[in-house]
Amino acid sequence: MSQSQANGHVYENQGTTNAQDAVEADSTSHVEYDAVVVGAGFAGMYQLYRLRELGLSTRVFETGEGVGGTWYWNRYPGARVDSPSMQYSLSFSSEMEQEWKWSEDYSPQADLEGYANHVADRFNLREHIQFGTSVTSAVYDEKSGRWIIRTDRGDWVSAKYFITAAGCLSATNVPNFKGIDTFEGQWYHTSRWPAEGVDLTGKRVGIIGTGSTGIQAIPKLAEQADHLYVFQRTANYSLPSNNKPMDPEFERDWKESYPVHRQRARESVVGVEVPAYPDRSALSVSDEERNEVFESAWGNYIALLSTFNDIAINPESNELVAEFVRDKIRQKVKDPAVAELLAPTDHPIGTKRICIDTHYYETYNRDNVTLVDVKTNPIETITPKGLRTTADEFEVDVLVFATGFDAMTGPLYRMGIVGKGGLPLQKKWEAGPRTYLGVSTAGFPNMFMITGPGSPSVLSNMTTSIEQHVDWITDAIKYLQENELESVEAKVDAEDAWVDHVNEVANATLYVKANSWYMGANIPGKPRVFMPYIGGVGNYRQKCDEVAANNYEGFALSQ
Ligand code: NA7
């Protein structure tokens with residue numbers, strides 16, 4: 001893959017072909033599958049496993065040369081999951097659940113990639129996965145009722161079912177910085193970090209971006225580099241992960257009652273087993289009591305945001321937690337000016353993905369780290385020797401872009417999906433994604449999106465949500481097969497009602513106030529719409545189950 005394909009806003013393959021062209025333009029033979037799945041992360045692999053159980057011929061296309069999705073690509077120093085290891089794992093095989101051993105409370109990338117490989121090997125999945133292959137278009141052919149799927153290898157296949165499992169955060173975003181092509185050093189997007197690593201010894205390094213990725217990478221880069229410049233536009237709230245080696249007793253206890261823990265996670269708000277919200281406002285207690293409550297939850301980010309019932313909805317209550325966290329930052333960072341710059345003030349806490357870290361703030365006490373405020377003095381241009389802001393010039397040997405992703409819709413658009421009537425998905429979603437339950441969209445029959453926009457997805461523990469979607473999709477396909485039905489497609493009115501509901505729930509929270517990637521705000525020109533569903537994992541699951549139990553209410557089923 002070339003640098004320009006791997007990074008940046010590349011909006012080629014927007015599906016301008018129509019299905020007939022797709023078929024006729026290529027007379028080479030092709031393979032017909034029952035199902036095509038795009039992506040071989042946890043979602044794609046579990047979907048493959050379930051479809052194989054149904055006896056469906058299935059092909060998985062994967063851009064990478066190995067399995068793991070997010071954990072295949074994100075190899076930057078410090079990459080680590082922000083859900084507890086015992087819960088960030090697949091639950092469908094109790095044998096695997098029991099035999100697998102996590103080494104740390106929050107697993108590092110290498111452990112997660114190892115686990116993904118174990119899943120692939122244990123269930124013999126590899127033979128059905130075509131690696132090093134990107135889908136360049138997926139077009140619904142109304143005549144045959146099949147999806148025509150083309151790849152960057154120049155071949156094409158057809159399938160009755162088309163299932164996207166390409167992740168929510170896989171389309172990398174490298175901002176269109178002036179002068180980037182003139183840079184004489186090396187530059188990397190964190191999500192395309194070379195597998196062999198990068199030797200930063202003795203190097204001057206600049207990193208742009210202080211989201212979850214930057215916050216994980218910065219302490220590690222600082223340990224290696226001669227000097228590290230951190231170019232921060234917006235400060236983020238980060239809480240200590242308190243990561244440590246897995247306690248064998250905790251592991252044993254957890255494994256003894258895994259099904260109970262899993263069930264609680266499935267019924268929870270965010271797909272992780274957490275203590276229930278106390279039914280009281282942060283404003284209902286004394287300052288002293290509130291501080292004690294915050295202190296006791298410090299070090300467990302989910303618990304901290306669940307200490308009172310109104311942190312996500314009441315600005316005053318939210319500000320109390322936010323100020324508590326800012327105080328912690330002030331205590332950790334020696335230089336008061338640097339501490340103030342690191343203390344976020346422009347968005348309510350929790351309305352952007354909260355970060356968890358290991359020694360992030362302490363890193364700014366090192367002599368070889370400089371924090372540069374690029375909000376006050378924006379980056380003007382990348383230069384051959386480094387970077388120039390409106391105030392200063394910085395010489396660096398290596399530039400690291402921790403600049404995030406074209407989240408949720410980006411991976412789908414890059415696949416060039418075209419539905420009935422030759423309508424590209426990107427065109428249909430011009431004003432923001434429109435889905436029914438986040439799993440399907442009207443006009444795109446027999447297409448399913450695992451953790452698509454309009455589902456809890458990125459607001460939840462991904463493995464919980466992935467399994468829920470895969471199980472639901474598999475049941476829907478089974479229902480079609482058993483009832484000799486040809487297709488399932490969301491009805492427009494059901495979709496409209498779901499989109500209204502998704503927006504209504506989001507608008508009742510403070511989330512819509514932040515310029516976050518949840519809102520599409522990090523990508524110039526992207527519509528400002530809150531993309532995931534914030535109504536809670538448990539409630540959402542119940543709704544999906546009801547739809548299925550009512551013979552797929554809201555879907556048109558055709559013979
Ligand atoms: P994020 O959270 O989108 O963070 C990207 C960072 O890059 C953020 O600090 C941005 O600042 C910064 N950025 C982006 N463009 C620019 C420009 N042009 N100039 C300066 N700074 C810029 O991505 P991550 O990879 O950290 O995390 C993504 C998710 O992965 C995370 O939420 C977890 O769920 C796992 P901004 O805030 O836009 O001012």
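This dialogue works through a helix pair, a residue in a strand and a sheet in a predicted model.

Q: At what angle do the axes of helix α9 and helix α19 cross, and how should that angle be read?

A: Angles of 65 to 115 degrees count as roughly perpendicular. In this model the axes of α9 (residues 258–267) and α19 (residues 537–549) come within 6 Å and cross at roughly 85°, which means that α9 is roughly perpendicular to α19.

Q: Which residues of α9 and α19 meet?

A: On the α9 side they are A265, R266 and E267, which meet V537, G538 and R541 in α19; by character, the residues of this contact divide into two nonpolar, one polar and three charged.

Q: Is T58 buried or exposed?

A: A residue is called buried under 20% relative accessible area, and T58, which is found in strand β2 (residues 58–61), counts as buried because its relative accessibility is 4%. Leaving aside neighbours within four places in sequence, T58 is in contact with Y33, A35, V37, L48, L51 and H128, while a polar atom of its side chain lies 3.2 Å from the backbone oxygen of L56.

Q: Which strands stand at the edges of the sheet with the order β13-β14-β15?

A: Strands of a sheet pair through backbone hydrogen bonds, either parallel or antiparallel. This open sheet of three strands has antiparallel pairing, and β13 (379–382) and β15 (393–395) stand at its edges, each with a single partner strand, so one side of each has no neighbour in the sheet. Direction ignored, neighbouring strands are turned by 20° against each other on average.

Q: How many bridges join β13 and β14?

A: The two strands pair in the antiparallel sense over three bridges, with β14 covering residues 386–389, and the bridge partner of I382 in β14 is L387.

Notes. Residues numbered from 1 in each chain as written. Predicted model: local features only at pLDDT ≥ 70, side-chain atom pairs only at ≥ 80, totals over all residues. Heavy atoms only, no water. Axes fitted to C-alpha atoms, helices over the stretch in contact; angles between N-to-C directions. Helix = DSSP H or I, 4+ residues; strand = E, 2+ residues; numbered from the N terminus. Parallel < 35°, antiparallel > 145°, perpendicular 65-115°, else oblique. Contact = heavy atoms within 4.5 Å. Nonpolar A, V, L, I, M, F, W, Y, C, P; charged D, E, K, R; others polar. Buried < 20%, exposed > 50% of the residue type's maximum accessible area, 1.4 Å probe, protein only. Polar contact = N/O pair within 3.5 Å; in protein donor to acceptor, adjacent residues only side chain to side chain. Pairing = 2+ DSSP bridges.
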